[in-house]
Amino acid sequence: MRAEAGEELKKKIDEAAVVSFDLYDTLIFRKQGEPQKVFRLMGCLVQRPDWPRVRARMQRRAYRDVKNTYGYPHPSLHEIYQHQCAKRAADRQKMHQNAKRAADRQKTHQCTKRAADRLRRIYETIERRLEQNEAFPNRAMQEIYRYAKNAGRRVVVTTDMYLEENDIRKILTACGYQDVEAIYLSSEVKKTKYDGSMYPYLIEKERVRPGRILHIGNDEHADVTMAGRFGIRTFYYIDGDRDFADSLYYASHSEMPRLSASRTEVQKAGIDHPDRSVMSVSKIVLSSQNAFWYLMGYQIGGPFYMGLCSWIKEKAGGRKLYCLSRDGYNLTRVMKKFGMDHCIYLYASRRALLLPAIDRLGEKELALLPPYSCGQTVGEVLDYLNLEGITDADLIRQGFSADTDVIRTKGDIARIKKVYVEKESEILKQCAKERMNLERYFRSEGLFGREALFFDSGWNGTSQYLLERIYRLLGAETDIKFLYAGLKNSSKSAEYLGGSHYEAFMNERLRPQKLNAVLDGAAVLELFFSEDAPALQRYGDAGLEFEQCRQNGYLAWINQGLEDYISHNSFLIKDRWMAGLQRYALVGIEELLTMPSVRQAEQIGNIENVDSISAGSYMKKYIARIPVRSLWKNPFLDIYWERGVYRHPKNSLAAKLFVFTRQRIAQWKGRHK
């Protein structure tokens, strides 16, 4: 909460006798942000994908029927489920009306009623448990609450909610609000703030003049307008979005130790919060920017990893798993929560695997070598490979004036490949040396046994293709198998992985059309599969050598968010929930990549040079930001996230139309190859 708003609220408290707080999104938050997401998680857990729609319909019907039958506007959670059970019993009775014998009809009805009652109790219990687990205190309102209590004011909670008082008491106690004097709950008193009937009841029960009651809430109609009609003083709380991430981070780290992020790592990441070993977590305040990344990791990356990890545990079957860096960074940290301690972080990268996989410069090998797109300088491409022995004279013979020339056309790409062919012997010597260095490192990690199981985020399967080539060149008879987050349904993937052993998490759960729509934003998915540390450059004669690159603090916040989600929800890591977790894993990912909000498109889309393979100084490349001047410089500009391009507020209509046209032409060509 802004400091000036907090001071204004404290002045109002000083003038009141009774301070009334709204509950959800004021005193407490839900970790997923809204009840519909709780229903969505529950639906996945109980194998009912339609549950959010069914649950919403149950609530609407129960609201309508109790209003018509009993005259009060708000049913409790128990009444919502009882109403659904009664409706199903009536439907079943109609189904059996034409049965031949009344005795059989009655027996069937009793059996199905008992089964429905049992299922209702299970569903109701699950929802209550999830609601209790979802709740965490609003840090800003905790301070206001303590201020009111210390000032000797009577503090009550007034809320429209279907949970009963017993549940609300448990939630308040767990969130540190043990000494609330009274709870005015619509499901109990059968009056609501929304229609105004709750406020006369509040005035009557508190026995004070309306002007001596201060009500604090985040709903302008229910908490401000309706309360004001009865003379109650109000405070419109509008800083919930700002306080949400800060409170969630505080709740995560005031309750539990962090799984990682030592002081050195925090300083290395360059993020603007101190380590807990240096300063109390109560003094940490997330900036708006860091809050965005933290919530992205928590609400999207966290569920994704819960499902992915449960799937990997099933597929690994107790075998040792080698997680390629940097894609396996989060996996090696959180798989311990799933009872899998034998995950090994293996240093590897496309850049480091590329030269060891080459023993000739045929057509396939040349296609593996950069450049892959336009926009880099010749020197940047050669630096990426660290190729020795290519001189200016070699470049001039192919029509380049110097290594500062920019690669502007596909013809330029072809000319660089001709340079490689001309210097084949020198390049192959370097490849052989890098292969020996790789073999030394892999042997130290025990990677030349009978079989080796790897994890890679995926997308095209390049790493597996390169590793299989390397093992073959080294004469190793190791059976290689890969587990992927997802693989594109493309000719490139089919070419790389024909005959290979692999399984992919997303591919098992998404239809091809949806899979392609999601993986078109693979550059965004990479944000959940990266360590905020330099990538491996090569294996080197003296040991591992890493790139020199600037740190990206947003990765540290994303990683921390997803780690905190798994710690908070570890109670779900049970065999009976595994299938549900895997289903729920892709819900947030699908929404982000295919239907991003404007803010998501802008914040994520502004990340630059996300693809180190094609990054260059000539022109910045963004995930979804397409400046018109960039298109003039490079009409073949890489499109990393098409849906994000259309939603990004800074992209011009001309840029969006250009991208749309180019992508449709590319799709047409792909279908007619």
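**Close-up 1. Arg207 is an exposed loop residue.** With a relative accessible area of 77%, Arg207 counts as exposed, because the bar for that label is over 50%. Keep in mind that this is a predicted model. Arg207 belongs to the loop that runs between α9 (198-206) and β6 (213-217). Its phi sits near 60°, which is a positive value in a residue other than glycine.

**Close-up 2. Asn386 also has a positive phi without being a glycine.** Here phi is about 55°, and the residue falls in the loop between α17 and α18 (392-397). Asn386 is partly exposed, at a relative accessible area of 25%.

**Close-up 3. Two cis peptide bonds, one at Ser325 and Arg326, one at Pro370 and Pro371.** The bond joining Ser325 to Arg326 has an omega of about -5°, and Arg326 is part of the loop between β8 (321-324) and α14. For the Pro370 and Pro371 bond, omega is about 10°. Pro371 turns up in the loop between α16 (363-368) and α17 (378-385).

**Close-up 4. Arg333 is a buried arginine in helix α14 (residues 329-334).** Its relative accessible area is 14%, so Arg333 falls under the 20% limit for buried. Along the sequence, Arg333 and Glu563 are 230 residues apart, but C-alpha to C-alpha they are 8.1 Å apart in space.

**Close-up 5. Phe29 and Phe244 make an edge-to-face pair.** This is one of 38 aromatic pairs in the structure. The ring centres of Phe29 and Phe244 are 5.2 Å apart and the planes meet at 70°, hence the edge-to-face label. Phe29 is in strand β2 (residues 28-30) and Phe244 in helix α11 (residues 240-255), so the pair ties together parts 215 residues apart in sequence. Both rings belong to buried residues.

**Close-up 6. Tyr249 and Trp557 pair edge-to-face as well.** Their centres are 5.3 Å apart, with the planes at 65°. Tyr249 lies in helix α11 and Trp557 in helix α26 (residues 553-568), so this pair ties together parts that are 308 residues apart in sequence. Tyr249 is buried at 1% relative accessible area, and Trp557 counts as buried at 1% too.

**Close-up 7. More rings: a cluster and two arginines over aromatics.** Phe304, Tyr305, Trp311, Phe455, Trp459, Phe505 and Phe529 form one aromatic cluster. Elsewhere, the charged end of Arg55 sits over the ring of Tyr162, 5.0 Å from its centre. Arg129 does the like with Phe571: its charged end sits over that ring, 4.4 Å from the centre.

**Close-up 8. Helices α20 (residues 424-444) and α21 (residues 462-474) cross at roughly 95°.** Their axes come within 11 Å, and the crossing angle makes α20 roughly perpendicular to α21. On the α20 side the contact is made by Arg435, Leu438, Glu439 and Phe442, and on the α21 side by Leu467, Ile470, Tyr471, Leu473 and Leu474. Sorted by type, these contact residues are seven nonpolar, no polar and two charged.

**Close-up 9. Helix α24 (residues 512-519) and its cover.** Leu515, Ala517, Val518 and Leu519 are the buried residues of this helix. Among the elements covering them are strands β10 (451-459) and β11 (479-487), along with helices α23 (505-509), α25 (522-525), α27 (578-594) and α30 (642-647).

Definitions and conventions:
Residues are numbered from 1 along each chain as its sequence is written. This is a predicted model: local features need pLDDT of at least 70, side-chain atom pairs count only at pLDDT 80 or more; totals for chains, interfaces and linings use all residues. Side-chain values use heavy atoms; hydrogens and water are left out. Axes are lines fitted to C-alpha atoms, for helices over the stretch in contact, and angles run from 0 to 180 degrees between N-to-C directions. Helices (H or I, at least four residues) and strands (E, at least two) are DSSP runs, numbered from the N terminus. Angles under 35 degrees count as roughly parallel, over 145 as roughly antiparallel, 65 to 115 as roughly perpendicular and the rest as oblique. Contact means heavy atoms within 4.5 Å. Ala, Val, Leu, Ile, Met, Phe, Trp, Tyr, Cys and Pro count as nonpolar, Asp, Glu, Lys and Arg as charged, and the others, Gly among them, as polar. Rings of Phe, Tyr and Trp (its six-membered ring) pair if their centres lie within 6.5 Å; planes under 30 degrees apart count as stacked, over 60 as edge-to-face and the rest as tilted. Buried means under 20% relative accessible area, exposed over 50%, partly exposed in between (1.4 Å probe, protein chains only). A charge sits over a ring if NZ of Lys or CZ of Arg is within 6 Å of the ring centre and within 35 degrees of the ring normal.
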